[in-house]
Amino acid sequence: MKISRRDFLRLSALGLGSALITACGMDEALLTPDPTAQPTHTHLPPTQVPPLATATSPSEVLHSMGFDAFEGKVNTYQDEQYLYVESDGMPNHPLMIGIKSWQQQVPLPQFYTGNNAWRILLNPVIADNPVSVKTNLYRGAIALAANGVPIFNALNNRGDDAYLAGELDEYGGHSGRADDYHYHVAPLHLQDIVGVNSPIAFALDGFPIYGATEPDGSPMMTLDEFNGHFDANGLYHYHGTNTYPYINGGMRGIVTVQNEQIEPQPRTQPIRPHLQPLKGAIITDFQELGNESYSLEYQIDGKKAYVNYCVSGNTYTFEFLDLAGNRTIETYNRKG
Ligand SMILES: [Zn+2]
Ligand SMILES: [Zn+2]
């Protein structure tokens, strides 16, 4: 474990005590001034734009996709039915900053691996009766972004537009009740990373979601009510947009829906009881300090408060520094 002097000073300034430092496996002896310290959030360099896809079958198209741009962060493999995508659900971009309606959840790495990996249908089939996100799919993910972050219905579980409600950060995401980070709008910023002809996401019905232009770079064609259309080869795809429905407006392809949720999809396992909205709070900073240690800053009426936390094996340690400077430590263990 190595954290920079700058990070350590920040932790100290925050009053981060020995309990958290010990719990997080931090050792001050390892702290060295690091003049070459990288910024906390490293943006992946834009990858080379691959040649225009010539594949005509959906599975071949899938194979060449945006997930590859996040190699090392996102792992894929497939069988005859599914593309499996493994990730920890944590994006590489700044997160949480700008949230104005906050339920006090934070981003924790998730375990979307093995039996709990994402499954994208390789050979999607157009449904006779598409499912609309206006009336269904209020639970769970409806799509998976190329960076391994799930995308939920643009309407939150109360039926409100999460973006307009101020619940989302600058990248259109926030953390759910299991401290699981996810988007509620299209991650259009991923287009620069994956290239114009690769999808920025896949809907869980198996159809790709492109950014604001057609995959050949031409202007976006007219969209149907699901934010999608058929291309010249008769293949269906969706687009991300800056206005509702932002992402796929439903499932144009056949999916299985149980209790307003598409199945199968990974399970998130909360490690602590979920919290309530914190009135008046605005998230003003979020730092990844390395070694699965994080610091979130929020303000109420201009006063700052912090949630510092770290993951060490199955143990999750939280340090809460409230507006009055009071400090509380909570520790949770993940089962299994
Ligand atoms: Zn959400
Ligand atoms: Zn299109």
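# Notebook: a five-strand sheet and what surrounds it

**Entry 1: the sheet.** I began with an open sheet of 5 strands, which runs in the order β16-β17-β18-β19-β20 with antiparallel pairing. I then looked up which strands stand at the edges: they are β16 (282-290) and β20 (327-333). Each of these has a single partner strand, so one side of each is left without a neighbour in the sheet. From one strand to the next, the twist averages 15°. I should say here that this is a predicted model, and I come back to its confidence in the last entry.

**Entry 2: β17 and β18.** How many bridges join β17 to β18? I found 8, between residues 293-300 of β17 and residues 303-312 of β18, and the two strands run antiparallel. I picked out two of the pairs to follow by eye. Tyr 298 has Ala 305 in β18 as its bridge partner, and Tyr 294 stands opposite Tyr 309 in β18. The two strands form a hairpin with 2 residues between them. In that turn, Asp 301 has a positive phi of about 50°.

A reminder to myself for looking along a strand: in a regular strand the side chains alternate between the two faces of the sheet.

**Entry 3: β18 and β19.** Next I moved one strand over. Here 7 bridges join β18 to β19 (residues 315-321), and this pair also runs antiparallel. Val 311 stands opposite Tyr 316 in β19. β18 and β19 form a hairpin too, with 2 residues between them. The turn holds Gly 313, which has a positive phi of about 65°.

**Entry 4: two loops of the sheet.** I checked the loop between β19 and β20, where Asn 326 is found. Is Asn 326 buried or exposed? Asn 326 counts as exposed, because it has 10 C-beta neighbours inside 10 Å, and the cut-off for exposed is 12 or fewer. I also looked at where Asn 326 sits relative to β18: its C-alpha atom is separated by 9.5 Å from that of Ala 305, although their positions lie 21 residues apart along the chain when counted as a separation.

The loop between β16 and β17 holds Glu 292. Its phi is near 55°, a positive value in a residue other than glycine. Glu 292 has 19 other C-beta atoms within 10 Å, so it is partly exposed; 20 would have made it buried.

**Entry 5: prolines and an odd tyrosine.** I went looking for cis peptide bonds. One joins Tyr 244 and Pro 245, with omega of about 10°. Pro 245 lies in the loop between β12 (236-239) and β13 (250-253). Another cis bond runs from Glu 263 to Pro 264, with omega near 0°. Pro 264 is found in the loop between β15 (261-263) and β16, which brought me back to the edge strand of Entry 1.

Tyr 246 is in the loop between β12 and β13 as well. Tyr 246 has a positive phi of about 70° although it is not a glycine. Which side of the burial cut-off is Tyr 246 on, buried or exposed? Tyr 246 is buried, because 24 other C-beta atoms lie within 10 Å.

**Entry 6: the core.** I then turned to the largest nonpolar core, which has 69 residues. The members that touch the most other members are Ile 142, Ala 143, Leu 144, Ile 151, Ile 200, Ala 201 and Ile 209. Strand β5 (residues 141-145) gives the most to this core, with 5 residues. The core draws at least three residues from each of domain 1 (5-38 + 278-333) and domain 2 (59-263). In soluble globular proteins, nonpolar side chains tend to be buried together.

I zoomed in on Leu 144. Leaving out residues up to four places away in sequence, Leu 144 touches Val 85, Trp 118, Ile 120, Pro 150, Ile 151, Ala 201 and Phe 202.

**Entry 7: the whole chain, and how far to trust it.** The protein chain has 4 helices and 20 strands. Of its 336 residues, 41% are buried. Among contacts between residues at least 6 apart in sequence, 64% join residues at least 24 apart.

The mean pLDDT of the chain is 86, and 81% of the residues reach 70 or more. Over residues 27-56, though, the pLDDT is below 50. This stretch still has 44 contacts in the model beyond near neighbours in sequence. Where pLDDT is low, the predicted coordinates should not be read in detail.

Conventions
Residues are numbered from 1 along each chain as its sequence is written. Chains are lettered from A and ligands numbered from 1 in the order in which they are written. This is a predicted model: local features need pLDDT of at least 70, side-chain atom pairs count only at pLDDT 80 or more; totals for chains, interfaces and linings use all residues. A nonpolar core is a set of buried Ala, Val, Leu, Ile, Met, Phe, Trp, Tyr and Cys residues joined through C-beta atoms within 7 Å. Domain bounds come from an automatic or database domain assignment. Two residues are in contact if their C-beta atoms, placed from the backbone, lie within 7 Å. Two strands pair if DSSP finds at least two bridges between them. Axes are lines fitted to C-alpha atoms, for helices over the stretch in contact, and angles run from 0 to 180 degrees between N-to-C directions. pLDDT is the predictor's confidence in each residue, from 0 to 100.
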